[in-house]
Amino acid sequence: MGNDVHCRSNVRARKPHRCADCGLAIDPGMIYVRVSGIFEGEPYRYQVCRWCDWARQGLLQWMIDHPSPFLDAYDDAPVLGELFSFLREEWPELFADKESP
């Protein structure tokens, strides 16, 4: 973890993007969160809508406030994209009126 870097910044979209977690559109003019960095020597970069960023930060804070011997808040933090994928498979009607990724 010595050379790992993680950055978050609020950005106003100049072109269309998709939220990496929920898959919904981030339209030009909307403010979103750009996440980038280096993990284990590999660069990464993705965009998330403000709601998903808020949910991610809340889940992470909850894991920090409620430590578990089985989970590490940083290594095992829930990934909302996986949760949304599960919800899409199990309850597609929840996303029926939304654009698909």
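# Questions on a predicted chain

The protein chain holds 2 helices and 5 strands, where helices (H or I, at least four residues) and strands (E, at least two) are DSSP runs numbered from the N terminus. The model is predicted, and local features need pLDDT of at least 70, side-chain atom pairs count only at pLDDT 80 or more, and totals for chains, interfaces and linings use all residues. Residues are numbered from 1 along each chain as its sequence is written, and side-chain values use heavy atoms, with hydrogens and water left out.

Visitor: In what sequence do the elements of the protein chain run from the N terminus on?
Guide: The chain has 5 strands and 2 helices to place. From the N terminus on, they run β-β-β-β-β-α-α.

Visitor: What is the order of the strands in the open sheet?
Guide: Strands pair if DSSP finds at least two bridges between them. β4 and β5 run antiparallel and are joined by 8 bridges. β1 (5–12) and β5 stand at the edges with a single partner strand each, so one side of each has no neighbour in the sheet. The open sheet has 3 strands with antiparallel pairing, in the order β1-β4-β5.

Visitor: Which residue takes a positive phi in the hairpin of β4 and β5?
Guide: Phenylalanine 39 has glutamate 42 of β5 as its bridge partner. The hairpin has 2 residues between the strands. A positive phi near 50° is taken there by glutamate 40.

Visitor: At what angle to β5 does α1 run?
Guide: Axes are lines fitted to C-alpha atoms, for helices over the stretch in contact, and angles run from 0 to 180 degrees between N-to-C directions. Contact means heavy atoms within 4.5 Å. α1 lies across β1, β4 and β5, and its angle to β5 is about 115°.

Visitor: Which strand supplies the largest share of the largest nonpolar core?
Guide: A nonpolar core is a set of buried Ala, Val, Leu, Ile, Met, Phe, Trp, Tyr and Cys residues joined through side-chain atoms within 4.5 Å. The largest one has 11 residues, among them Val11, Cys22, Ile26, Val35 and Cys49. β4 (31–39) and β5 (42–49) each supply at least two of its residues, and the largest share, 3 residues, comes from β4.

Visitor: Is cysteine 22 buried or exposed?
Guide: Buried means under 20% relative accessible area, exposed over 50%, partly exposed in between (1.4 Å probe, protein chains only). Cysteine 22 is found in the loop between β2 (17–18) and β3 (25–26). Its relative accessibility is 4%, so cysteine 22 counts as buried.

Visitor: How far apart are the C-alpha atoms of cysteine 22 and cysteine 49?
Guide: Cysteine 22 and cysteine 49 both belong to the largest nonpolar core. Along the chain they are 27 residues apart, and their C-alpha atoms are separated by 8.2 Å.

Visitor: Which residues does aspartate 53 touch, not counting residues up to four places away in sequence?
Guide: Aspartate 53 is found in helix α1. At 8% relative accessibility, aspartate 53 counts as buried. The residues touched are Arg8, Val33 and Val48.

Visitor: Why is the pair of tryptophan 51 and tryptophan 54 stacked, tilted or edge-to-face?
Guide: Rings of Phe, Tyr and Trp (its six-membered ring) pair if their centres lie within 6.5 Å; planes under 30 degrees apart count as stacked, over 60 as edge-to-face and the rest as tilted. A search of the whole structure finds 2 aromatic pairs. The rings of tryptophan 51 and tryptophan 54 have centres 6.2 Å apart and planes at 50°, so this pair is tilted.
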